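Me: Please take a close look at one residue in this structure and describe its surroundings. Some words on other places in the chain would help too.

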Amino acid sequence: MCHVIVTCRSMLWTLLSIVVAFAELIAFMSADWLIGKAKFGSSHNRDNGTGPLEPYRPTLGIYERCTRIQHVPYSRRDTQCGPYAENFSEIASGFWQATAIFLALGILILCAVALVSVFTMCVQSIMKKSIFNVCGLLQGIAGLFLILGLILYPAGWGCQKAISYCGPYASAYKLGECSLGWAFYTAIGGTVLTFICAVFSAQAEIATSSDKVQEEIEEGKSLICLL
């Protein structure tokens, strides 16, 4: 018989697991890892008296980039985003290729855990092993992959692609004229939350196997909700 067990701690762990997986996935796919040095649009506007030059800052991700294009004759500026690398080998730096691999592995594990976490309300163990403990271990492994990726990422700032965005003073672990975008900070925050989830999974296990839960099961209840 399937017992649906919902506690505050198990539900919080499930929600955090889902949030972490989505946060890391969105950060990985974003082009806002590096914010490039300020550039100016075409002088078309100034020559035609339609307005001054407006600076903009292109952004560069692990395999994506965003830059502003100008439409003539309307002088309407727009931002165009898309992958600069058509395949894995065209990623700008070998360090970024390694970063992509480690982040992808970590995100794959996190997405799998997030999917499994939804079913922990009904199934708390498999082959006599606690699903919470197994998922917590997997989240810890995913966190290690994410850390490796984030450590290697700044080593690629000296590649030619990064230099074209950040200026000639950019090099490994030196930003030059660039600044870090929200995607990098999101990836760091997601990594910290990953380890928090790994630790908190033990609390979710304790909450769903407590004496109160066992009493509810012995009373024949199939839906158990506890604080």
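Reply: What follows looks at Glu-24 and then at two other places in this predicted model.

Glu-24 lies in helix α1, which covers residues 8–29. Its side chain is charged, and Glu-24 is buried, yet it has no salt bridge. The nearest side chain of opposite charge belongs to Arg-65, and that is 22 Å away. A salt bridge needs a side-chain nitrogen of Lys or Arg within 4 Å of a carboxyl oxygen of Asp or Glu, so Arg-65 at 22 Å does not form one with Glu-24.

What does the side chain of Glu-24 reach instead? It reaches the backbone nitrogen of Thr-191, at 3.0 Å. Thr-191 is also among the residues in contact with Glu-24 once neighbours within four places in sequence are left aside. The others in that list are Ile-107, Leu-110, Leu-146, Thr-186, Ala-187 and Gly-190.

A second place is Ser-179, in strand β10 (residues 179–180). Ser-179 is partly exposed because its relative accessible area is 26%, between the limits of 20% and 50%. The C-alpha atoms of Ser-179 and Gly-36 are separated by 6.8 Å, although these residues are 143 residues apart along the chain. Leaving aside neighbours within four places in sequence, Ser-179 is in contact with Trp-33, Leu-34, Ile-35 and Arg-57.

The last place is Ile-141, found in helix α4 (residues 131–152). Ile-141 is partly exposed, with a relative accessible area of 33%. Together with Val-134, Leu-137 and Leu-138, Ile-141 makes a nonpolar surface patch of about 320 Å².

Technical notes
Residues are numbered from 1 along each chain as its sequence is written. This is a predicted model: local features need pLDDT of at least 70, side-chain atom pairs count only at pLDDT 80 or more; totals for chains, interfaces and linings use all residues. Side-chain values use heavy atoms; hydrogens and water are left out. Patches are made of residues with over 30% relative accessible area and no salt bridge: like charges are joined within 9 Å, nonpolar side chains (Val, Leu, Ile, Met, Phe, Trp, Tyr) within 5 Å. Accessible areas come from the Shrake-Rupley method with a 1.4 Å probe; for residues, only the protein chains shown count as cover. Helices (H or I, at least four residues) and strands (E, at least two) are DSSP runs, numbered from the N terminus. Buried means under 20% relative accessible area, exposed over 50%, partly exposed in between (1.4 Å probe, protein chains only). A polar contact is a pair of N or O atoms within 3.5 Å; within protein, one must be able to donate a hydrogen and the other to accept it, and residues adjacent in sequence count only if both atoms are side-chain atoms. Contact means heavy atoms within 4.5 Å.
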